[in-house]
Each structure stands twice: as C-alpha cells, then as structure tokens.
Amino acid sequence: MAFRFATAAAMPKPCLSIRANQSSSLDVSDLADDHVSRSKKNFVFIINPKGANGRTGKEWKKLLPHLRTRLGGHCNICEYITSAPSHGVDITREAIREGADAVIAVGGDGTLHELIPLGTGSDFARTFRWRNDPHEAIERIKRGFKSKIDVGIITAHTGEQHFFINVADIHLSAKAGYYASKYKGFGNLCYVFGALRAFIGHENRNLKVKINGGDWEVFHKVTAICIGNGKYFGGGMKITPTADPSNGKLEVVILQDFKWYDFVLKLHKLYSGSHLSEKNVCLRSVKSIEVVEEMSKGDIYVQSDGEHLGFLPAHCSILPAAINFFC
C-alpha cells in the first residue's frame, strides 16, 4: 500500500517504533503522488482509534478541521489508522525507509513515543509541563523548534528488544499497569483499580541489580523498580522526579518493603515527587541496569511505557540524543 499525502491536511511530530527486530509487511511504493508538491515536508501520522477506550479515534475526527486550518498548505500528510497491536511499528519503519520527514503518533504513552496527547495518561507530556491538549501540540509543531531527546531500550525475558521513551518498571507497578490496561474505560481511575488488583497476592521480593556493568547488589524486599527517562507515570505520579530525557542517563527509583497502607499514607508524596526522602526509597542515576530475581520464580512483571513485556530478567540502557523532538 502506497502512502498518499493530502495537500490540505497537516500534522505533527516524529515517532520512534516501539519494538526492534520486527520486519514490516507493508508495501510502501511511493511517499507522495506525482501531483503533490515535494517542496513541502511529508508527515506520516498514525492514529490508534482504540486508544483511551475509543476516545482517541473520536477526538481525532474532531481535530482534523483545526489541523487543516493551522497547518494546511505547509505539509503533505498521510493519515494511517492502526488495526492491530504493533501495526504502527510496521507503518513507522516503512515511512522512514520511504523518506518521510516526520512520523506522528496520536494517542497515549503506551502507543506513542512523540505525541499529540489524546490518550489516557499522556504522562510523558507532563515532563515538559505540557497540558493534555492536542491544540497546543499542533502549535508546537507549527513553530518547528526541535531538540534531541534520549530513548531507553529494554530487553525482557524473551530476549526481544523494546524501545521506551518514558518509564520502564518492574514488579508491583508493572503488575498494576498490566491490570490497569483492563480498566481503560474508567479513564485515570484505571490506574487506581489496577493498583488495587495488583496488591492481591503481592509479595515484596529480593532482587539482584547490576548497575553500569558493575557488581551485583541484592536489594531486599523490593516492591517496585522504576526506570525513568521521563518523570511521570500512572496518570500523573511523579515517580522519577530527577529524570531528564536529554541528559543521557536513566533515573532509577527502588521502593523497598512498601505495604499497602504505605501507598495510602504516602500517595501524595508519590504524586508530588517528594517520596525520595523516604528511608526505604533508593535513587540511582545510571547508563544501564540489569535486574534478576535472587530466587527465580518467573512471576515478576516487567513493562515499559504502559506495555506489558513479560517477566524478569530485564536489562535497560540509554540511547542518548536518539531522536528529534518537536518542543
């Protein structure tokens, strides 16, 4: 299928594919029709119509007239609706191969890497203090200012590599994210329901951690490990408050020996980012981190950008200044 650009439509940002080492099945024969001017930049934008329990697709249709008003005449646009998991990955790879100037993802953090925020959490946008407002995103694209940002890469137990732009996490928080995905119809309350479900049967576990290729350290009674390129996850929780997606490092927060009532009593600290002062919270700044179970049971959840990746072991590293970002 060839990409075809509409001269009147216009859209934003570049996007990085979520998974590595996956071949594309799309037949992209040409980026633009002969009658479309190649003096304009070619933007491919990808919409997940099921994002935010279907809200993304509905809001996108409402947004199109504004897009044409603000950006029409400046860009050649290809609109592509995803139809299955990882479909956007295939589209992204083909668009890059065929010379697209930018690939734009429209949705929430699990689907996107650079975004017009129309999803449930849109937590990565919070790192830049952006509101969850697609009109503001369009204005940033229209201004055209760009900066380089880092990208994380994580390998879980299957050996398959995945890129992430916001936060990867392990154990309770990852398990909560897994269950939260089943309650998307409740908006940000899905994270609350996911956390409550994750606590059923949860036990803190001893985990072995290797930082920057050094020696193994044992962290006792680990509740969760959060590895941040961005600051926020879980619908506004400032879990890695010292993270900076342009400093070439990942910020690792390790929560130890948290009980269910600790989350109730300290929830305000997790949202404000003041939890780092707690004695059972450890912060490390890393280039790479490897995590395994001390006693392997194969049931420690791993996720990145809200996507379930499986279980430990896991290895994360940083790709500095990996992509251009409209800011």
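**Confidence, one helix pair and some unusual backbone**

This is a predicted model. The protein chain has a mean pLDDT of 83, with 84% of its residues at 70 or more.

Me: Over which residues is the pLDDT below 50?
Reply: Where pLDDT is low, the predicted coordinates should not be read in detail. One stretch has 138 contacts in the model beyond near neighbours in sequence. Its pLDDT is still below 50, and it covers residues 1-36.

Me: Is H1 roughly parallel or roughly antiparallel to H4?
Reply: The axes of H1 (residues 55-71) and H4 (residues 134-143) come within 11 Å. They cross at roughly 25°. Angles under 35 degrees count as roughly parallel. H1 is therefore, relative to H4, roughly parallel.

Me: How many nonpolar residues has the contact of H1 with H4?
Reply: H1 brings Leu-63, His-66, Leu-67, Arg-70 and Leu-71, while H4 brings Pro-134, His-135, Ile-138, Glu-139 and Lys-142. By class, two residues of this contact are polar and three are charged. The nonpolar residues number five.

Me: Which peptide bond is cis, with omega near 10°?
Reply: Look in the loop between strand S14 (307-311) and strand S15 (314-326), where Pro-313 sits. The cis bond leads into this proline, from Leu-312 to Pro-313.

Me: Is Ala-321 buried or partly exposed?
Reply: Ala-321 is found in strand S15. Its phi is positive, about 45°, although it is not a glycine. Buried would need under 20% relative accessible area. Ala-321 has 40% relative accessibility, so it counts as partly exposed.

Note on methods: Residues are numbered from 1 along each chain as its sequence is written. This is a predicted model: local features need pLDDT of at least 70, side-chain atom pairs count only at pLDDT 80 or more; totals for chains, interfaces and linings use all residues. Side-chain values use heavy atoms; hydrogens and water are left out. Axes are lines fitted to C-alpha atoms, for helices over the stretch in contact, and angles run from 0 to 180 degrees between N-to-C directions. Helices (H or I, at least four residues) and strands (E, at least two) are DSSP runs, numbered from the N terminus. Angles under 35 degrees count as roughly parallel, over 145 as roughly antiparallel, 65 to 115 as roughly perpendicular and the rest as oblique. Contact means heavy atoms within 4.5 Å. Ala, Val, Leu, Ile, Met, Phe, Trp, Tyr, Cys and Pro count as nonpolar, Asp, Glu, Lys and Arg as charged, and the others, Gly among them, as polar. pLDDT is the predictor's confidence in each residue, from 0 to 100. Buried means under 20% relative accessible area, exposed over 50%, partly exposed in between (1.4 Å probe, protein chains only).
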